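Subject: The structure you asked about

Hi,

Here is the structure for you to look at. Open it up, turn it around a bit, and then read on for what came out of it.

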Amino acid sequence: MNAFAPVKAPAVGCGDAPVLKQRGQREVFCGLTSIVWLHRKIQDAFFLVVGSRTCAHLLQSAAGVMIFAEPRFGTAILEEKDLAGLADANEELDREVARLLARRPDIRQLFLVGSCPSEVIKLDLSRAAERLTQAHAPQVRVLNFTGSGIETTFTQGEDECLASMVPVLPQTDAEQLLLVGALPDVVEDQLVGLIGQLGVPVVRALPSRSADVEVGIGPNTKFIVAQPFLGATTGALTGRGAHHLAAPFPFGEEGTTAWLRAVADAFNVSPEKFDEVTAAPRARALKAIAAASERLNGKSVFFFPDSQLEIPLARFLTRECGMSAIEIGAPYIHRDLVGPDLDLIAEGPVLSEGQDVDLQLDRCRAARPDLTVCGLGLANPLEAEGLATKWAIELVFTPIHGYEQAGDLAALFAKPLKRREGLAL
Ligand code: SF4
């Protein structure tokens with residue numbers, strides 16, 4: 001086989017496969033979790049959760065304690081009298097924000113983050129954000145989004161956050177590419193570097209690392225999404241007249257190549273130039289995947305819905321690592337985004353959206369997959385039943401996009417199988 005053969009879709013893919021829709025009990029983290037990586041990415045932002053002590057505990061334990069720097073997230077705790085409507089939560093919020101901004105002049109963007117309690121008492125954080133922007137502009141821009149667990153999964157927090165930024169982006173007619181999704185800086189730099197080598201003149205990222213980096217949007221903006229959970233952001237950008245470049249997600253050699261090719265095609269990059277730029281990193285990625293995926297070859301995998309990365313990762317595991325997928329569960333299926341990945345997955349696996357956790361556990365136990373990808377709450381019980389599991393949330397906190405991370409991505413899935421082999425000795 002030619003190592004650089006073009007991406008070839010299976011005779012029948014999963015693009016038109018029936019979807020098992022489940023609406024029962026779910027086992028997922030809430031959107032506040034995404035603050036953990038967003039506050040690292042947007043380096044002059046502060047995330048102020050308007051919530052309860054539970055929200056504060058979740059955030060503190062998920063993000064850990066910063067020793068050398070003041071944290072750029074916090075919780076304005078709603079007390080019982082707020083929840084009972086006996087106090088004006090808006091007045092208290094304004095006071096807390098003024099105190100915070102006076103103490104922290106480094107903050108340029110403030111996100112008010114809604115939670116279950118703030119939604120239950122119908123605290124209007126969008127009006128609060130407008131009011132506070134007027135009070136603190138131009139030094140600070142105040143936006144709001146929800147991270148509540150009432151109807152979300154944890155990666156949706158990033159989607160809500162980025163979507164909240166789109167309406168305030170300035171208008172531009174410049175021809176440019178916008179890379180959408182909060183990637184680790186090192187990964188973003190690698191991808192932007194490759195795109196620059198292809199000859200695409202202007203590449204911007206959303207979110208940018210600082211409010212000082214001007215990101216405009218307009219009819220000559222083409223955008224490509226790096227994370228499959230950014231459905232609302234995609235809708236908001238399209239609403240501003242930008243053009244979405246649909247592509248498989250940049251996981252593995254094949255996914256990264258197809259993703260970059262969508263950019264190359266949109267900016268009229270010649271096939272020769274494309275091959276010249278991508279040949280060396282593609283070869284490195286293929287070699288790294290071959291070494292790391294030996295243990296995965298011929299094994300089966302079952303995905304519980306959790307991070308919303310499930311469909312592109314199933315494509316990577318089935319096409320590049322020799323695995324077979326039994327069930328691919330996703331909290332939401334944004335077809336505009338994951339359609340190209342679905343087309344590349346050969347028919348066969350059950351495709352499920354949403355969750356009824358007990359029914360899904362029954363299906364998983366009956367199938368006895370070699371590897372189960374699931375949330376933290378399910379992993380330990382399944383391990384105790386003899387199944388090898390991978391924590392889905394680890395895939396969000398680890399750099400896994402692009403050619404240089406392709407081997408590490410395969411290795412992440414191989415690790416639980418190695419551990420279980422060790423236990424069986
Ligand atoms: S937002 Fe809701 S689900 Fe998340 S920590 Fe707060 S109360 Fe819990």
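Let's start with a puzzle: over how many bridges do strand S6 and S7 pair, and is the sense parallel or antiparallel? Have a look before you read the next paragraph. One thing to keep in mind throughout is that this is a predicted model.

**The four-stranded sheet**

Strand S6 (residues 176-180) and S7 are joined by four bridges, and they pair in the parallel sense. To see one pair up close, find Leu178: its bridge partner in S7 is Arg204. In case pairing is new to you, the strands of a sheet pair through backbone hydrogen bonds, either parallel or antiparallel.

These two strands belong to an open sheet of four, with the order S7-S6-S8-S9 and parallel pairing. At the edges sit strand S7 (203-206) and strand S9 (243-244), each of which pairs on one side only. Helix H8 (residues 185-198) lies across S6 and S7, and it runs at about 155° to S7.

**The six-stranded sheet**

Another open sheet has six strands, in the order S1-S12-S11-S10-S13-S14, and its pairing is parallel. Its edge strands are strand S1 (19-23) and strand S14 (389-391), each pairing on one side only. On average, neighbouring strands here are turned by 20° against each other, if you ignore direction.

Within this sheet, strand S10 (residues 300-303) pairs with strand S13 (residues 371-374) in the parallel sense, over three bridges. Phe303 is a good place to zoom in: its bridge partner in S13 is Val373. Helix H12 (residues 310-320) packs on the sheet, where it touches S10 and strand S11 (324-330). The direction of H12 makes about 170° with that of S11. Then there is helix H15 (residues 376-384), which lies across S13 and S14 and runs at about 160° to S14.

**The ligand**

Now find the ligand. The residues around it are Cys30, Leu32, Gly51, Ser52, Thr54, Cys55, Leu58, Ser115, Cys116, Gly147, Ser148 and Gly149. Which helix gives the largest share of that shell? That would be helix H2 (residues 53-63), with three residues. Sorted by class, the shell has five nonpolar and seven polar residues, and no charged ones.

**A look at Gly31**

Gly31 is found in the loop between S1 and helix H1 (35-41). Is Gly31 buried or exposed? A residue counts as buried if 20 or more other C-beta atoms lie within 10 Å of its own. Gly31 has 27 C-beta neighbours inside 10 Å, so it is buried. Leaving out residues up to four places away in sequence, Gly31 touches Thr146, Gly147, Ser148, Thr152, Phe154, Gln156, Gly157 and Glu160. Among these, Gly147 and Ser148 are also in the list of residues around the ligand. You can also compare Gly31 with Trp391: they are 360 residues apart along the chain, while their C-alpha atoms are separated by 17 Å.

**The whole protein**

Zooming out, the secondary structure comes to 17 helices and 14 strands. The radius of gyration is 22 Å, close to the 22 Å that the globule rule gives for 425 residues, so the protein is as compact as a globular protein of that length. Its C-alpha trace spans about 65 × 55 × 40 Å along the principal axes. Buried residues make up 47% of the 425. Finally, take the contacts with a separation of 6 or more: 76% of them are between residues 24 or more positions apart.

Cheers

Conventions. Residues are numbered from 1 along each chain as its sequence is written. This is a predicted model: local features need pLDDT of at least 70, side-chain atom pairs count only at pLDDT 80 or more; totals for chains, interfaces and linings use all residues. A residue is near a molecule or strand if its C-beta atom, placed from the backbone, lies within 6 Å of it. Ala, Val, Leu, Ile, Met, Phe, Trp, Tyr, Cys and Pro count as nonpolar, Asp, Glu, Lys and Arg as charged, and the others, Gly among them, as polar. Two strands pair if DSSP finds at least two bridges between them. Axes are lines fitted to C-alpha atoms, for helices over the stretch in contact, and angles run from 0 to 180 degrees between N-to-C directions. Two residues are in contact if their C-beta atoms, placed from the backbone, lie within 7 Å. The radius of gyration is taken over C-alpha atoms; the globule rule is 2.2 Å times the number of residues to the power 0.38. A residue is buried if 20 or more other C-beta atoms lie within 10 Å of its own, exposed if 12 or fewer, and partly exposed in between; C-beta atoms are placed from the backbone.
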